[in-house]
Amino acid sequence: MNSHEEFAFDVAVIGAGPAGLAAAVAAAERGAKVVVLDAGAQPGGQFWRHRPESVIPEPDGHGHHGWKTYLDLRARFDAAASRGLLRYLPNTQVWMTEREDAGRFVLRLTPATGTVIEAATVRADKLVSCTGGYDRQLPLPGWELPGVMAAGGIQAFIKANGTLPGKRFVVAGTGPFLLPVAANIAEAGGKVVAVCESASLANWLPHLGAASGVPGKALEGAEYAGVFAKHRIRYRTRTVVTEVLGESSASSVRIAKVDADGAVIAGTEQLLQDVDVVGFGWGFTPQIELAVALGAETRIDADGSLVCVVDGRQASNVPGLYLAGEVTGVGGAVLAVAEGLVAGAAAATREQPTAGTARQIQRHRKFAGAMHQAHPVPEKWDDLLTDDTLVCRCEEVSHGEVVHARDELGATDARTMKSFTRTGMGWCQGKVCGFAVSCLSTKGAADAGAEQASLAAFAKRPVAAPLTLGEISALDSRQPLDS
């Protein structure tokens, strides 16, 4: 390693999505020496994912919202890097975070792909974690078939490859995110057979005040309505997919209308045939493992997710640890950028946010809360499950096994359920099944804190990314990028 590559960092930023880009820019522009660690091959994160810049050097932002914001942040990001104030380490995952006795943060690194990373360890005085989130999934009969994807996975596939993973799609679940996914599919040449939204749009009526505070969201909705009309996409409310059918891959789905609790209304079942891709989205799960490992305080958000607690400067209860974006609650890219700018500035100089920025964050946070309440996960989603429906696909644990462990063996939290059934012990480490397992484990629990404790069990992962035994054995011999 060359000597000019070895220096101490003032601020480390994990993630280069909307929040991470904003935090890195804000810290670097205030004179801090910043390192950005990102699992992606190029900045943008999931929200601004785009074709490889080695193939398309200047992407046009087609299919993206807030692309001007990205271009502005990216220009400032690149400028800071050219001035030597910012170091970007792509294809790099942080698998462990620690704090030294002096309060400095130690980040253990591993390649996100088969590439070689520049260092095994990074140290920094302050840490801004902007790790984002991933699609929340719920099991149902047939969801393990090839052709069943996360809604966000479909969108990422289109953005990264410029092509579609299939021809005829059903998009189902709940929340506004279903709209851009369906629109992206249609504009890329796919046929959206139906969008199945489990909630009723009437759920927004008590929240019109919160919605009016973020008028840009209404404009986005109008834009999607135009795309739906142009491509004749059927938007079905109070409707769920009850089963995915197919021999070797998905080929059709059963759908049905549901009541306010999510229970299927008898006589409303329909079969949608000639479908080769089914995309499910039930909101997002914040990726908080690294922050939790450092002792960050958590709470249950309006959407049932476990999120981290921060103050007005995006500071956690852990000194020197700042959090921005989905880890503080799923709220969209505009909110993530605003929080990132605040977190980066605070990490660099302990600067307080302006009154205008604080109001912007408050408005978008209020809108996010309204969105979560208007689009809840159906209370009776598990009524669709049969005994042999897989809940944990990695370890092939069925719903019947989970119910038996809960009712007969006393596995009333996710950690105990893991011990008895191996749920969450596979390759994804509970990222796919964790929310569902927590819900099923605590069903009927009298303790109001049972759900939070169960979700926290999945979040407590000292090893936050897959790594080899060889990497562990080489920990003492590989040189840190800090001196």
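In this predicted model, I14 finds its bridge partner in strand β6 at S129. The pairing behind this contact involves strand β1 (residues 9-14) and β6 (residues 121-129), which run parallel and are joined by five bridges. Strand β1 is mostly covered, with five of its six residues buried.

Strand β1 also pairs with β2 (residues 34-37), again in the parallel sense, and here four bridges join the two strands. Two positions help to locate this pairing by eye: A12 has V35 of β2 as its bridge partner, while I14 stands opposite L37. Between these strands the chain passes through helix α1 (residues 18-28), and the resulting β-α-β crossover from β1 to β2 is right-handed.

Strand β2 is a good place to look at the two faces of a strand. In a regular strand, side chains alternate between the two faces of the sheet. In β2, V34 and V36 lie on one side and V35 and L37 on the other. Are these residues buried or exposed? All of them are buried, so both faces of the strand are covered, where buried stands for under 20% relative accessible area.

Moving on from β2, the next partner to consider is strand β3 (residues 86-89), which pairs with β2 in the parallel sense over four bridges. Within this pairing, V36 has Y88 of β3 as its bridge partner. Helix α2 (residues 67-82) belongs to the β-α-β unit made with β2 and β3, and this unit is right-handed.

Definitions and conventions
Residues numbered from 1 in each chain as written. Predicted model: local features only at pLDDT ≥ 70, side-chain atom pairs only at ≥ 80, totals over all residues. Heavy atoms only, no water. Buried < 20%, exposed > 50% of the residue type's maximum accessible area, 1.4 Å probe, protein only. Pairing = 2+ DSSP bridges. Right-handed = clockwise from strand over helix to strand, strands pointing away.
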